[in-house]
Amino acid sequence: MDMPPIVSPKEWDAARQELLVKEKELTRARDTLAARRRRMPRMAVEKEYRFEGPGGPAGLLDLFEGRRQLIVYRFFFEPGVGRWPDRGCPGCSMLADQVGNLAHLNARDTTLAFVSRAPHKEIERWKARMGWEIPWYTLTDSFDADFGVDEWHGTNAFLRDGEKIFRTYFIDARGDEAMGSTWAYLDITALGRQEEWEDSPEGYPQTPPYEWWNLHDEYDPAP
C-alpha cells in the first residue's frame, strides 16, 4: 500500500485544519441543499394505494400513523431478489441495519416505513430474524411503479395536511447511502429538522436545537 507520509503532531494538526476548511464548506453546502428541499413544490397524491400490514389492509394515510410526515423506503424483499426467502437485498439490508431509534423521528412528527412485495408473514419473519422494528408493509398495487421504486430501491417523503397527502421529495441510488440517521431522514423532509437555526419558509414549525432531544424512551407520548 502506498500510504501517506508519517509527520509530527504539529504537521498533522496543520493538515487537519486545512482539510477542516473544506469539511465546513461541505456542511454549509449540505445545509443549503436541505433548505432548498424545504422549498420544493408539493405533488398531490390523488390515487388511493393499498398495503397489507400487521393490522391487515391499510391505505397510504394509515402509514403516517397519525403523524404529519411520512418517509417510505422501498426494500427489495420478494421472490427473485437475493436469496429469497432466506434474506432480502444485501444493500437494502445494510440500510436497515443503519436505521437509528425511531423515537427521535417520531418526536419530530415523522414516521419511517418500509414497503416490499413479500407477503406480510415473510416480512414479519425476516424482521424478527434481523431484530428490526421499522413498520413494514406489503405492496399490493402500483405504488412502487408510480413513485420510482419498481425496479430500484428509493426513499420517498410525504407530507399530510388533514387527509390530503403530498409527495415532497425523492432520492435513490447513492442518495440512499446516507440514510439511517435521524438527521439524514429529517433533512429530506418538507419540514426539515424543525430547529431555529434552519433556513426555512416563514411559519414553519421550529424549536431551539438540543432542547427537544431526549433519550429514546423518555419522549412524551404523541397526542
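Modeller: Two strands count as paired if DSSP finds at least two bridges between them; strands (E, at least two residues) and helices (H or I, at least four) are DSSP runs, numbered from the N terminus. This is a predicted model, in which local features need pLDDT of at least 70 and side-chain atom pairs count only at pLDDT 80 or more, while totals for chains, interfaces and linings use all residues. Residues are numbered from 1 along each chain as its sequence is written, and side-chain values use heavy atoms, with hydrogens and water left out.

Colleague: In what order do the eight strands form the open sheet?

Modeller: The pairing in this sheet is mixed. Strand S1 (43-44) and strand S3 (56-59) are the edge strands, each pairing on one side only. Within the sheet, S4 (residues 69-74) and S5 (residues 110-116) run parallel and are joined by six bridges. The order is S1-S8-S7-S4-S5-S6-S2-S3.

Colleague: Which residue in S5 stands opposite Ile71?

Modeller: Strand S4 covers residues 69-74, and strand S5 covers residues 110-116. The residue in S5 opposite Ile71 is Leu112.

Colleague: What is the geometry of the aromatic pair formed by Phe51 and Phe143?

Modeller: Rings of Phe, Tyr and Trp (its six-membered ring) pair if their centres lie within 6.5 Å; planes under 30 degrees apart count as stacked, over 60 as edge-to-face and the rest as tilted. By this rule there are 21 aromatic pairs. For Phe51 and Phe143, the centres are 5.3 Å apart and the planes stand at 70 degrees, so the pair is edge-to-face.

Colleague: Is Phe143 buried or exposed?

Modeller: Buried means under 20% relative accessible area, exposed over 50%, and partly exposed in between (1.4 Å probe, protein chains only). Phe143 also forms a tilted pair with Phe147, at 4.8 Å centre to centre and 40 degrees between the planes; Phe147 has a relative accessible area of 2% and is buried. Because its relative accessible area is 1%, Phe143 is buried.

Colleague: Why is there no disulfide between Cys89 and Cys92?

Modeller: A disulfide is a covalent bond between the sulfur atoms of two cysteines. The criterion here is a pair of cysteine sulfur atoms within 2.5 Å, and the structure holds zero disulfides. Cys92 is buried at 0% relative accessibility, and Cys89 is buried at 17%. No bond is assigned because the sulfur of Cys92 is too far from that of Cys89, at 3.4 Å.
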